[in-house]
Each structure stands twice: as C-alpha cells, then as structure tokens.
Amino acid sequence: MIVSNWKMNGTKADIELWINEVSNKIEYKTEVNCVICPPSCYLDSTRSFITKINSPVQLGSQEIDSTHQGALTGGINGQMLNDFSTEFVLIGHSEQRHYLNEDGVSLRAKLDSAIDSGISVIFCIGEPSEVYSNGDTKNFLTNQLDILNSEDLANITIAYEPIWAIGTGLSAKTTYIEDIHGFIKNHLKKIVNNKKVSVVYGGSVKLNNAEEILSSDSVDGLLIGGASLDSETFSKIYNLS
Ligand code: PEP
C-alpha cells in the first residue's frame, strides 16, 4: 500500500490534476493499494474525480469521529464517509494525537467507529525523539498498540511513523525500520493468532530513499506526506513498489 497524506494542503483543482496524472503515470498493481487522503472538505469531490476516469486510486479520510450521530460541531462520522465510498481512514496520526490531545480512549472510540462502518483503518504509531534517544521505542509502541484487539487487526494496517522523522527530512535508517517493523509484527502476531499484519513506514520518505526502504521484506508500503503532493514523485515512488 502506498498512501498519500495531503494533510491541510492543496485545492480542489490540485487534487483533480493529481488524480488524473497519478492514474496515468502509475503501473497499477492490484496487490499494491494506491490511496489518497485529501483534506476532509474535498473527500466528496475526490471520489467524483476518481469515478469520472475510473481511476485505480482509492479514497482515504484523514478523519473519523467517534460519535455516530449528533452534537459534535465539525464532526464526520462513518456513515458520512460511506456516502462517498471512503475505503480507508487514518487513525492515530501523531499530529492529531498532539494537536487534538488524542489518547487511548478517544482513539479506541474512533477505531470502533471505523470498524462499525466497514472502513479499513491505517493506524499510526510512532515515538517522539526523546523516547528514540533513550532507546525506549519498543515499550512506547507496545503501549500504543495495546488498544488494538484481534477483531481490529482483521482490517487494519499499521503505519510506523517515528515522530522525529515526520516532515523533518530525517528519515529513519532502513536497519532501524526493519528492527521496529519486525518487533511490531511479532508483537501483533500474538494477538491475531499468527495472522500477518501489514506494516507501512512513514517519515520523510522521498524519491531518493523510497527504493531502499521498500526493498526491506518487513516494509509493506509507505505513508507519505510532503513528497506525495507532487504527482510525478508520488507515481515514481508507487512504481518502485
Ligand atoms: C505523514 O504525514 O504521515 C508523513 C510521514 O509526512 P512526511 O512524509 O512529510 O514526513
């Protein structure tokens, strides 16, 4: 799976152009999902752009709220996301954990909301730089993974995104990524009875480091922010997968 996270960037016209160009440039493989997560206000039109040209690009939301209906100003629920056939949702991105004070309880509620709505989850985890420097990453990630259960894992992809690597230009080294992905997979295997869970990497992935990161057997794809906004770069990275 190769995922483009637009965060709070772009216009409706930018997204239409991106969908058209990526759809032309990628050598699409059914086993490698190609996903765009546009800003929420463009989800509906993004679905229309995809449908208009019968693009293989799939739609992901950057947001889902935990309540099913009612008094939550600005909220988006799973039923709304299903209205335009949203296939994936990002949950637990470090920016939302930080700025929206998301914790295990609120993330659990979001997971329930996505699962009840039949939307596949990309669950983001990752350690801050002080945890990385102290060599305490695995304990930190274990705590973040603790809220998952075997039912979730049937329909979930983990995105390992060290916070110190997001948007900083400091991608993690491939040997480090391999170690951490191996740890996550082994940890989750115990919960899901040896079933394989996909783990993708995110954090300053660019055209010059994507091939090496993807060459690792423990990396099942990429979640890309900044570099993915450029359709040419994103397509080239997709074609390396
Ligand atoms: C992200 O937004 O999840 C991300 C990894 O961003 P960037 O690729 O810009 O580091």
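Modeller: Let's start with a term: contact here means heavy atoms within 4.5 Å. Keep in mind that this is a predicted model.

Colleague: Thanks! Which residues of helix 1 and helix 11 meet?

Modeller: From helix 1, Trp 18, Glu 21, Val 22 and Lys 25 take part, and their partners in helix 11 are Ser 231, Glu 232, Phe 234, Ser 235 and Asn 239. By class, this contact has three nonpolar, three polar and three charged residues. Phe counts as nonpolar and Ser as polar, so Phe 234 and Ser 235 fall into separate classes.

Colleague: How is the packing of two helices described?

Modeller: By the angle between their axes and the distance between the axes. For helix 1 (residues 12-25) and helix 11 (residues 231-240), the axes come within 9 Å and cross at roughly 35°.

Colleague: Is the crossing of helix 1 and helix 11 left-handed or right-handed?

Modeller: Right-handed. The term applies because the near helix is turned clockwise from the far one.

Colleague: Now the ligand. What makes the approach of Glu 161 a polar contact?

Modeller: A polar side-chain atom of Glu 161 lies 2.6 Å from a ligand oxygen. The cut-off for a pair of N or O atoms is 3.5 Å, so this pair qualifies. By that cut-off the 3.2 Å between a side-chain N or O atom of Asn 5 and a ligand oxygen therefore counts too. Gly 225 uses a backbone N or O atom, 2.8 Å from an oxygen of the ligand.

Colleague: How much of the ligand does the protein bury?

Modeller: Taken alone, the ligand exposes 290 Å², and the protein buries 98% of that. The shell around the ligand has four nonpolar, eight polar and two charged residues.

Conventions. Residues numbered from 1 in each chain as written. Predicted model: local features only at pLDDT ≥ 70, side-chain atom pairs only at ≥ 80, totals over all residues. Heavy atoms only, no water. Axes fitted to C-alpha atoms, helices over the stretch in contact; angles between N-to-C directions. Helix = DSSP H or I, 4+ residues; strand = E, 2+ residues; numbered from the N terminus. Polar contact = N/O pair within 3.5 Å; in protein donor to acceptor, adjacent residues only side chain to side chain. Areas by Shrake-Rupley, 256 points an atom, 1.4 Å probe, with all protein chains shown as cover.
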